[in-house]
Structure formats: C-alpha cells, structure tokens
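Good morning, and thank you for the opportunity to speak. I shall take you through one structure step by step, beginning with a term that the rest of the talk relies upon.

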Amino acid sequence: EGSPQQHNWNYIWDKIKDHVDIFVSHPIKEFVPPNVPSSMVVYMPPASDPLDGLNKPLNEQQQKYYLNLFNHRLMAIGQKPIDLNRPYIIQVALFDPSKGIPDLQEAFKILRGKTAIPVQFVIVGHGATDDTDTKRIYDQTMGKLQEAGYGHLADDVKVMLLPPNDQLLNALVRGSYFATQLSTAEGFEIKVT
C-alpha cells in the first residue's frame, strides 16, 4: 500500500485489465495484487522450460565446446581447468549465505579424505542484481581454499561467477558426476531435477 510498486502496478493494470484473460502467478496468494479479480488468477508452480538453453540436449561436440570454454575461463582467472578424464561434483547456486557453500566445501574435504577417487568440485553461479552478498560469499569461498587442510585439494575445486550463458551451465551440469543443492532458501534443485 502506497509503494512505488503499487503505483506502477495500478497504472499498468488500468491500461491492460480490459485486454487480459488470465493473470499467471507463483502459487502464493500474496503475490497477486488485490485489484486483480480472483476469477482471473491462475497459479503456476515452479517449473522448467524444456526448450530453454539450460535444458536443450547437447551433442558431444557442443558439450566439449562449452566445457572447453569453461576451462579457458578458469585459466583466465588463475585456476586450473577441470580434468575432463576425472569425475566432478557440481554446486549451482547464487553466491549467497543461504546456499550452504562453506558446508559443501567441508563435505568435499571429508569426501576426498575417505575415497581414493580424485573427484573434483565445481562451484558455479551468479550474483543476483539485488544481492549485496555476492562478492563477500565468492571471496569467502575462494579464501576457504587457502585454509589449512585444503592445500592438496585447492586445485581440484573450481569456483566461478558464470556469465549469463544457459548452454554453458547446461554442459557443466550434464558433465557432472552428480549435483549438490544445499540451499536453505529457494534453490536450483528444480532445474537439476
């Protein structure tokens, strides 16, 4: 009530309400503005578009292209590339406190201490435009690799803020041995699933 968002919404709604058949919303009643008649509202649960770049099938050449692109980007920021002959685990999430990245780093360290398989760990994601934590969490993630106990593992952990490229993310997820999702709030798990 009284917010700039309400003012803008009311302006838009006044212009379009006679031309709209339905109003599609996340399945949360509070997300629907009060001036939208409930008879027009359709709730849509979270879903993935099978035709967007994140879900399109990739052939072997495309997969290789995007993984090589990722490796070049890793080297450009001073990290070693993924060894594509070894398995890797991937975490895809915003660099945000609610995504459990430090806990996953600890779990990776424990895993590597208990197995002879030299699995790698790829931590990738974006920063939200409205998120002030991105740089802090990214720096914290990189800093953890310098702590005691990580020296022999640091080169097997790849960390990157990804550019907006769905096919790159698609190739990374498809190439992974498995994906993790430790989010305590709104996660990427629907995409992984």
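When I say that residues pack against one another or are in contact, I mean that their heavy atoms lie within 4.5 Å. Please also keep in mind that what you see is a predicted model.

Let me begin with helix H5. The buried residues of H5 are Leu168, Leu169, Asn170, Ala171 and Leu172. Against which elements do the buried residues of H5 pack? They pack against H2, S3 and S4. At the N-terminal end of H5 there is a cap, provided by Asn165: a side-chain oxygen of this residue lies 3.1 Å from the backbone nitrogen of Gln167.

This brings us to the nonpolar interior. The largest nonpolar core has 18 residues, and those that touch the most other members are Phe70, Val124, Leu162 and Leu172. At least two residues of this core come from each of helix H2 (60–76), strand S3 (88–92), strand S4 (120–125) and helix H5 (166–175). Phe70 deserves a closer look. Setting aside its neighbours within four places in sequence, Phe70 contacts Ile82, Val122, Val124, Met160, Leu162, Leu168 and Leu172. Apart from this core lies another, of 15 residues, with Val119, Tyr138, Leu145 and Val157 among them.

I turn now to the sheet. In what order do its strands stand? The sheet is open, has four strands in the order S5-S4-S3-S6, and its pairing is parallel. At the edges are strand S5 (157–161) and strand S6 (178–180), each of which pairs on one side only. On average, neighbouring strands of this sheet are turned by 20° against each other, direction ignored.

We may now go through the pairs. S3 and S4 are paired in the parallel sense over five bridges. Within this pair, Ile90 stands opposite Val122 in S4, and Gln91 stands opposite Ile123 in S4. S4 is also joined to S5 by five bridges, again running parallel, and here Gly125 stands opposite Leu161 in S5. Finally, three bridges join S3 to S6, and these strands run parallel; the bridge partner of Ile89 in S6 is Phe178.

How are these strands covered? In S3, five of the five residues are buried, so this strand is largely enclosed by the rest of the structure. In a regular strand, side chains alternate between the two faces of the sheet. In S3, Tyr88, Ile90 and Val92 point one way, Ile89 and Gln91 point the other way, and all are buried. From S3 the chain crosses through H3 to S4, and this β-α-β crossover is right-handed. The edge strand S5 is mostly covered, with four of its five residues buried.

Which helices pack on the sheet? S3 and S4, paired over five bridges, are touched by both of the helices I shall mention. Helix H3 (residues 101–114) packs on the sheet and touches S3, S4, S5 and S6, its direction making about 170° with that of S4. H5 also packs on the sheet, touching S3 and S4, and its direction makes about 135° with that of S3.

I close with three residues in loops. Ser98 is found in the loop between S3 and H3. Is Ser98 buried or exposed? The cut-off for buried is under 20% relative accessible area, and Ser98, at 15% relative accessibility, therefore counts as buried. Its side chain and that of Asp96 are joined by a polar contact of 2.5 Å.

Asn59 is in the loop between strand S2 (41–43) and H2. With a relative accessible area of 41%, Asn59 is partly exposed. The side chain of Asn59 reaches the backbone nitrogen of Gln62 at 2.7 Å. Asn59 and Ala171 are 112 residues apart in sequence, and their C-alpha atoms are 9.8 Å apart in space. Ala171, you may recall, is one of the buried residues of H5.

The third residue, Met40, lies in the loop between strand S1 (23–25) and S2. Met40 counts as buried, at 12% relative accessibility. Not counting residues up to four places away in sequence, Met40 touches Trp13, Val20, Asp21, Ile22 and Phe23. By contrast, Met40 and Gln61 are 21 residues apart in sequence and 46 Å apart in space, C-alpha to C-alpha.

Thank you for your attention.

Terms used
Residues are numbered from 1 along each chain as its sequence is written. This is a predicted model: local features need pLDDT of at least 70, side-chain atom pairs count only at pLDDT 80 or more; totals for chains, interfaces and linings use all residues. Side-chain values use heavy atoms; hydrogens and water are left out. A nonpolar core is a set of buried Ala, Val, Leu, Ile, Met, Phe, Trp, Tyr and Cys residues joined through side-chain atoms within 4.5 Å. Buried means under 20% relative accessible area, exposed over 50%, partly exposed in between (1.4 Å probe, protein chains only). A polar contact is a pair of N or O atoms within 3.5 Å; within protein, one must be able to donate a hydrogen and the other to accept it, and residues adjacent in sequence count only if both atoms are side-chain atoms. Two strands pair if DSSP finds at least two bridges between them. Axes are lines fitted to C-alpha atoms, for helices over the stretch in contact, and angles run from 0 to 180 degrees between N-to-C directions. A crossover is right-handed if, with the strands pointing away from the viewer, the path from the first strand over the helix to the second runs clockwise.
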